[in-house]
Amino acid sequence: MSTFVKIKALRPSLSNSEAKLADFTLNSSAKIRALSSVELARAAGVSQSSVVKFAQKLGYKGFPAFKLAVVDDLNLQVQQPRPATGIINSNDPLEQIADKLLSNQHAILSETHKLNTPNQFESAIQTIKSAKKIMICAVGGSYTMAQDFALKLQKLGLPAIAQVDELSASSYVATMGKDDLLISISDSGQSKGVLKVTKQAAVNECTIITMSRYGSNPLSDLANIKLFTVIDHEPIKHASILTRTSQSYLIDVLFIGLTQSNLHWQKRAERANEHMSELRHI
């Protein structure tokens, strides 16, 4: 997994010292090639122990492994340069807004892809296939994605529902047990209602899949299977435009993987699409 992507994903939850190291790595990564851990600490304005802890937080045994991963990422960037992105400003013309949004969404999709392994997707797909009941829980902008996912699963004949109301979700999860599945979606991993329902599902021994930001957070800490979304600067505050792009990628990979895994489900999806087409032309 890309070191730079991991750092960007973890950036909002880092301590002051860790944030200094993250920013130095992202903005001056080429300099790390020639630096020791002591020199990096001095350049970033932190202690040497902070450098070691930062490397370990990213999943590396120590600074040498971290440095090697940074060099690997730099080499990969030369081979596959990242598309240009930019913050959308209030005085940008519409054509420039469209170009920036396209570039930003492309970057979000790429980073979401890099944060999630084939094994994570495969584990989630197998769990969804074996569940007797499936509830998808989300609030706010994420609920539209929960509804979309539930409808996709229903096309395959899977027993899925989406719930946004905490009371309804709590009532339904009370009927669920160890053979059932809760899919919880929260970009921050801290949505109170989603977190409460997920804790209830954990008590009931339900299997839990979460979709939330990379790293440890209250929601993903409850999960049996973790899928990670990317949080970035939104073009419009609270619009969740880029967050939905990340969530949509995860949902579509799971849906396509499920459909491709079962010929009977492929036929169900085709029939569902045919019925919807007929209704549109009535």
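## Starting from one residue

Which strand is Leu181 found in? Leu181 belongs to strand β3. The model is a predicted one, and in it Leu181 has a relative accessible area of 0%, so it counts as buried. Leaving aside residues up to four places away in sequence, Leu181 touches Thr127, Ile128, Ala131, Lys133, Ile134, Met135, Met176, Thr207, Ile208 and Ile209. Leu263 is another matter: 82 residues along the chain separate it from Leu181, and their C-alpha atoms are 23 Å apart.

## The chain as a whole

Let's step back for a moment. The protein chain contains 12 helices and 5 strands. Along the principal axes, its C-alpha atoms fill a box of roughly 65 × 50 × 35 Å.

Of the 282 residues in the protein chain, 45% count as buried. Among contacts with a separation of 6 or more, 68% are between residues 24 or more positions apart.

## The annotated N-terminal span

An unreviewed UniProt entry carries the annotation "domain: HTH rpiR-type" for residues 1-77. In the model, this span is 69% helix and 0% strand. The C-alpha atoms at the two ends of residues 1-77 lie 14 Å apart.

Helix α2 covers residues 16-27. Its 12 residues reach 16 Å from first C-alpha to last, close to the 16 Å expected at 1.5 Å a residue. Buried in α2 are Glu18, Ala19, Leu21, Ala22, Phe24 and Thr25. Helix α3 (residues 37-44) packs with α2 at an angle of about 100°, and the two axes are 9 Å apart. Angles of 65 to 115 degrees count as roughly perpendicular, so that is the description that fits α2 and α3. Where they meet, α2 contributes Lys20, Leu21 and Phe24, while α3 contributes Leu40, Ala43 and Ala44. By class, that contact has 5 nonpolar residues, no polar ones and 1 charged.

## Helix α6 and its link to α1

Helix α6 takes in residues 94-115. Its 22 residues should span 32 Å at 1.5 Å a residue, and the end C-alpha atoms are 31 Å apart, which agrees. The buried residues in α6 are Lys100, Ser103, Asn104, Ala107, Ile108, Glu111, Thr112 and Leu115. Among the elements that cover them are α1 (3-10), α7 (118-130), β5 (225-229) and α11.

Val5 gives you a good look at the α1 side, since this residue is found in helix α1. Is Val5 buried or exposed? Its relative accessibility is 6%, so Val5 counts as buried. Not counting residues up to four places away in sequence, Val5 touches Glu111, Lys114 and Leu115. Val5 and Glu111 are 106 residues apart along the chain, yet their C-alpha atoms are separated by 6.0 Å.

## Helix α8 and its neighbours

Helix α8 has 15 residues and reaches 22 Å between its first and last C-alpha atoms, close to the 21 Å expected at 1.5 Å a residue. Ser142, Tyr143, Met145, Ala146, Phe149, Ala150, Lys152 and Leu153 are its buried residues. They pack against α7, β1 (134-137), β2 (160-163), β3 (181-185), β4 and α11. After α8 comes Gly157, which has a positive phi near 85°.

How do α8 and α11 pack, in terms of angle and axis distance? Helix α8 (residues 141-155) and helix α11 (residues 241-260) pack at about 10°, with axes 10 Å apart. That angle makes α8 roughly parallel to α11. On the α8 side, the contact is made by Gly141, Ser142, Thr144, Met145, Asp148, Phe149, Lys152 and Leu153. On the α11 side are Arg244, Gln247, Ser248, Ile251, Asp252, Leu254, Phe255 and Leu258. Sorted by class, the contact has 7 nonpolar, 5 polar and 4 charged residues.

## An unusual backbone angle

Most residues other than glycine have a negative phi. Glu205 is not a glycine, but its phi is positive, at about 65°. You will find Glu205 in the loop between α10 (192-203) and β4 (207-213). With a relative accessible area of 56%, Glu205 is exposed.

Key. Residues numbered from 1 in each chain as written. Predicted model: local features only at pLDDT ≥ 70, side-chain atom pairs only at ≥ 80, totals over all residues. Heavy atoms only, no water. Axes fitted to C-alpha atoms, helices over the stretch in contact; angles between N-to-C directions. Helix = DSSP H or I, 4+ residues; strand = E, 2+ residues; numbered from the N terminus. Parallel < 35°, antiparallel > 145°, perpendicular 65-115°, else oblique. Contact = heavy atoms within 4.5 Å. Nonpolar A, V, L, I, M, F, W, Y, C, P; charged D, E, K, R; others polar. Expected span 1.5 Å × (residues − 1). Buried < 20%, exposed > 50% of the residue type's maximum accessible area, 1.4 Å probe, protein only. UniProt positions renumbered as here; feature names shortened; annotations may be inferred.
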